[in-house]
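Please open the structure in a viewer and have the selection tool ready. The tour proceeds from one selection to the next and states what is to be found at each.

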Amino acid sequence: MKKGKTTILALTLLAAVGLSGCGGSDISYDPDTMVQVKFELEDGTFKNSKQPVVFYFEFEAGTANPIPECITVGFKKNQSGATGENYLYKGFDTKYKLTRDEYYFDGWYREKTVVGDLVEYTGKWDFEKDLVTDAGVTLYAKWNPVVRFTYSVCYYDESGNQIVAGTYNTTAGGKFEDFLNYATKREGYTFTGFTDENGNPWDESFGHPGGDKSLDIKVIANYTKGEFAEVSTAEELVDAIKAKKDIRLMQDIDFAGGEFGGFGDFKRILEGNNHTVRNFKLTYDATVEGLTFCPALGVDRDGLFIGIFRFAEGANISDVNFENVTVDVDTRNTKTKAIYVAPLCVTMEGGTSVKNVSVSVTYTCTALPPRFDRDNLIATEDRAFCYRGDDCVEQDVRISVDNRIDET
């Protein structure tokens with residue numbers, strides 16, 4: 001067929017009139033007498049619109065023509081000739097990006113066939129070779145989904161909902177690694193390990209299966225409630241107590257006859273994992289600063305309270321043994337009005353729970369303040385505490401006390 005000269009160009013998104021020609025001058029046109037080139041975006045977006053983009057050309061009647069060079073639709077070539085972003089051009093210098101989320105552009109096609117849920121595009125348009133006749137042409141954007149292979153770190157919240165903590169891109173065969181530590185960022189919980197969605201321990205040798213479609217593999221992070229310090233040594237135990245963290249014992253701890261200040265006023269969690277803390281002399285503050293009151297025991301001031309845990313409030317203590325503990329009452333502070341000694345906790349209040357705990361302790365007494373009324377020295381032998389609130393739980397608590405106070 002003959003090729004004719006293009007004299008007028010107009011760009012419309014719906015029903016635009018009076019647009020510019022290739023040279024940039026204002027023009028008027030009659031769409032009924034011009035050749036229409038329509039670009040169906042197929043759920044793509046151009047200038048914030050999903051409507052078709054329509055160009056009108058005034059070609060010489062009876063000729064076939066390429067889409068003029070002042071219109072470039074599709075891939076923009078860089079200096080190396082490689083294709084990059086998708087653009088539509090109006091004129092030579094104004095560009096607009098053509099996009100569709102999670103898809104990449106594969107070109108413009110003449111035919112679109114729909115069979116059920118399947119859509120097929122055929123007849124890819126070649127802007128350098130293909131020609132437009134008087135009948136015009138409708139071209140369809142073909143989009144291919146971006147195929148992504150990912151691992152998502154997930155956990156189940158208190159309501160059983162699966163929450164995505166973070167996602168990693170990978171490749172086919174790629175191994176999972178939580179290098180951004182998504183699993184450890186859940187506040188108020190301590191990460192205990194990964195499983196698959198079936199609850200099996202995560203297989204470190206697992207490689208992403210890949211495929212021709214996007215595939216996300218869920219890696220389930222498991223937790224225990226509380227922000228735990230995992231403790232294996234005496235030094236780590238002391239540091240965790242100072243930091244006021246929940247504590248999980250990972251192995252037995254032996255103080256080898258040294259001093260240990262105990263857990264103090266404890267409001268957190270101690271998970272012993274059936275380990276033993278042994279061979280220590282319990283220390284305490286017998287100075288004026290260490291004296292306090294305890295309404296539960298009827299002491300309004302200047303009381304000295306001694307226990308592995310002094311005042312336990314809202315605490316959870318479980319599965320731990322304290323072995324070969326020595327408590328020596330040794331104070332000459334004349335401000336002291338009362339002294340209470342307990343094998344485990346002086347008081348348990350605020351719903352404290354103590355389960356599966358054993359204590360073996362020896363009481364001695366090196367010194368008492370001058371004129372101290374010995375009747376105000378209360379050393380509990382037959383239970384773990386001096387006072388327990390009604391809302392507290394005590395289960396399988398075993399106490400062994402060798403009370404030598406009266407002998408010293």
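**Charges over rings**

Begin by selecting R100 and Y103: R100 lies over the face of Y103, at a distance of 3.8 Å from the ring centre. Please bear in mind throughout that this is a predicted model. Next, select R186 together with Y223, where the arginine is placed over the face of the tyrosine ring, 5.1 Å from its centre.

**The aromatic cluster**

Keep Y223 selected and extend the selection to Y151, Y155, Y168, F176, F179, Y182, Y189, F191, F194, W202 and F206; ring pairs link these residues and Y223 into a cluster. The structure as a whole holds 30 aromatic pairs.

For an example outside this selection, display F57 and F59. Their rings form a stacked pair, with 5.4 Å from centre to centre and 15° between the planes. Are these two residues buried or exposed? F57 has a relative accessible area of 1% and is buried; F59, with a relative accessible area of 10%, is buried as well.

Now return to the cluster and isolate F176 and W202. Here the ring centres are 5.8 Å apart and the planes stand at 75°, so the pair is edge-to-face; the cut-off for that class is over 60 degrees. Which parts of the chain does the pair tie together? F176 is located in the loop between β12 (162–170) and β13 (189–195), whereas W202 is in the loop between β13 and β14 (215–225). The pair therefore ties together parts that are 26 residues apart in sequence. F176 counts as buried at 9% relative accessibility, and W202 counts as buried at 13%.

**The open parallel sheet**

Finally, switch to a cartoon view and select β18, β22, β25 and β28. These four strands form an open sheet in that order, and their pairing is parallel. Which strands stand at the edges? They are β18 (264–266) and β28 (385–388); each has a single partner strand, so one side of each is left without a neighbour in the sheet. On average, neighbouring strands of this sheet are turned by 10° against each other, direction ignored.

To examine one edge in detail, zoom in on β18 and β22 (residues 309–313). These strands run parallel and are joined by two bridges. Select F266 as the last stop: its bridge partner in β22 is A312.

How values were computed:
Residues numbered from 1 in each chain as written. Predicted model: local features only at pLDDT ≥ 70, side-chain atom pairs only at ≥ 80, totals over all residues. Heavy atoms only, no water. Phe/Tyr/Trp six-rings, centres within 6.5 Å; stacked < 30°, edge-to-face > 60°. Buried < 20%, exposed > 50% of the residue type's maximum accessible area, 1.4 Å probe, protein only. Lys NZ or Arg CZ within 6 Å of the ring centre and 35° of its normal. Pairing = 2+ DSSP bridges. Axes fitted to C-alpha atoms, helices over the stretch in contact; angles between N-to-C directions.
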